[in-house]
Each structure stands twice: as structure tokens, then as C-alpha cells.
Amino acid sequence: SATVIFTATDSCGNSTTTTAIFTIEDTTAPTIDTPAADQTVECDGSGNASALAAWLSNNGGASASDVCSGVNWTNNYTGLSDGCGNTGSATVIFTATDSCGNSTSTTATFTIEDTTSPTIDTPAADQTVECDGSGNASALAAWLSSNGGASASDVCSGVNWTNNYTG
């Protein structure tokens with residue numbers, strides 16, 4: 001702002017003054033030029049920390065401008081929801097604030113999903129046993145409980161085994 005004294009003087013040298021203040025104010029929030037965009041990534045088994053950090057630091061891809069000053073970004077990220085394994089999501093509000101405290105927001109969601117099946121590391125192996133006369137129940141139960149000797153792994157979570165044995 002500036003205080004200005006205006007002086008009116010007549011041709012005989014008489015004068016009088018009036019004072020006024022000229023103020024420039026910024027009451028307009030920044031403009032979101034590009035809204036934040038949702039991002040979905042495949043689970044990497046350790047929280048996808050680098051992808052999440054890059055998305056957050058890039059404000060979810062959002063951009064904003066302000067005719068009066070620069071823009072500072074903040075967000076309300078606190079953590080991912082618990083999904084299965086190491087999956088989850090977070091809906092984040094990105095806020096652009098100008099130097100005068102005016103702000104506007106855009107919202108997007110970061111999602112970690114698991115669409116990859118477990119990997120069979122060791123396939124199940126056939127087993128042949130000599131007949132014991134009573135159905136070989138213990139040998140069969142041991143073979144079934146060991147999943148036929150198979151092993152599997154999954155980058156995002158543990159593995160639960162089932163089988164279709166009926167008799």
C-alpha cells in the first residue's frame with residue numbers, strides 16, 4: 001500500500017490537500033492448471049516407497065499458478081490403507097498456497113495393487129509308495145500337507161496353499 005497526498009492549488013497559490021491510501025491485495029487463490037492424477041502401481045513387496053515418494057513430491061502431477069506470487073505445495077498424506085499383503089492406497093489432498101495465504105486444492109489417490117500370481121519355485125512331485133494294506137493314509141497326508149514337495153513365493157505377500165484332493 002501507499003499513502004498519497006493529493007494537493008489542489010488554484011491560480012492564486014491557495015491549496016488544499018486530501019490523503020488516500022492505494023492498496024494492492026491478493027484475495028484470489030492460485031489456479032489449478034493441471035489437477036493431481038491417480039496413480040496405480042504393481043506391488044514391489046516393500047511398500048513401493050520410491051514410486052510413492054516421487055508421486056508425492058510431484059504433487060500427483062498437479063500444477064498451479066498465481067498471478068500475484070509463487071505457489072507453495074503441501075499435502076495431507078499420512079500413510080497407506082492396509083490392503084492384502086503389501087498393497088494399499090491413500091487419497092491425498094494436494095494444496096497450492098500463494099504468498100498471501102490463499103489456497104486451492106486437488107485430490108488424487110495412490111494405489112498399490114497385486115495382480116501378479118505367486119511363482120512356483122519348486123513344482124509338485126509325483127510320489128509312489130508301496131501299498132501298506134490300509135490306504136497309505138499317513139503317507140498321503142504327509143504328501144498333501146507338503147504340497148507334493150512344491151514351494152512358491154510371492155513378491156507382495158505370503159502364499160496360502162490349497163488342493164483339490166477328494167479321494
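**Close-up 1. Asp98, a buried acid in a strand.** In this predicted model, Asp98 comes out at just 3% relative accessibility, so this residue counts as buried, the cut-off being under 20%. Asp98 belongs to strand β7. If you're after a polar partner, look at the backbone nitrogen of Cys100: the Asp98 side chain reaches this atom at 3.0 Å. Skipping residues up to four places away in sequence, the residues that Asp98 touches are Asp26, Thr28, Pro30, Asp66, Ser69 and Gly70.

**Close-up 2. The four-strand sheet.** Reading across this open sheet, the strands run β4-β8-β7-β6, and the pairing is mixed. β4 and β6 are the edge strands with a single partner each, so each has one side without a neighbour in the sheet. On average, neighbouring strands here are turned by 25° against each other, if you ignore direction. As background, strands of a sheet pair through backbone hydrogen bonds, either parallel or antiparallel. For β7 and β8 it's the antiparallel option, over ten bridges. One spot to find along the way is Thr95, which sits opposite Ser105 in β8.

**Close-up 3. Helix α1 on the sheet.** α1 packs on the sheet and touches β4, β6, β7 and β8, with its direction at about 165° to that of β8. The helix covers residues 49–57, and its buried residues are Leu52, Trp55 and Leu56. Viewed down the axis of α1, these buried residues fall within an arc of 95°, so they line one face of the helix. That fits the usual helix arithmetic: with 3.6 residues a turn, residues three or four places apart point the same way. Over on the other side of α1, Ser50 and Ser57 are exposed. The cover over the buried residues of α1 includes β4 (39–42), β6 (71–75), β7 (88–98) and β8 (103–113). Just past the end of α1, check the backbone of Asn59, which takes a positive phi of about 55°.

**Close-up 4. The largest nonpolar core, with Phe110.** This core has 14 residues, and Trp55, Leu56, Val92, Phe94 and Phe110 are the ones with the most contacts inside it. α1, β7 and β8 are the elements that give two or more residues to this core. No big surprise in general terms: in soluble globular proteins, nonpolar side chains tend to be buried together. Zoom in on Phe110 and, with neighbours within four places in sequence left aside, you'll find contacts with Gln39, Val41, Ala51, Leu52, Trp55, Leu80, Gly88, Ser89 and Ala90.

Key
Residues are numbered from 1 along each chain as its sequence is written. This is a predicted model: local features need pLDDT of at least 70, side-chain atom pairs count only at pLDDT 80 or more; totals for chains, interfaces and linings use all residues. Side-chain values use heavy atoms; hydrogens and water are left out. Buried means under 20% relative accessible area, exposed over 50%, partly exposed in between (1.4 Å probe, protein chains only). The arc is that of the directions from the helix axis to the C-beta atoms. Contact means heavy atoms within 4.5 Å. A polar contact is a pair of N or O atoms within 3.5 Å; within protein, one must be able to donate a hydrogen and the other to accept it, and residues adjacent in sequence count only if both atoms are side-chain atoms. A nonpolar core is a set of buried Ala, Val, Leu, Ile, Met, Phe, Trp, Tyr and Cys residues joined through side-chain atoms within 4.5 Å. Two strands pair if DSSP finds at least two bridges between them. Axes are lines fitted to C-alpha atoms, for helices over the stretch in contact, and angles run from 0 to 180 degrees between N-to-C directions.
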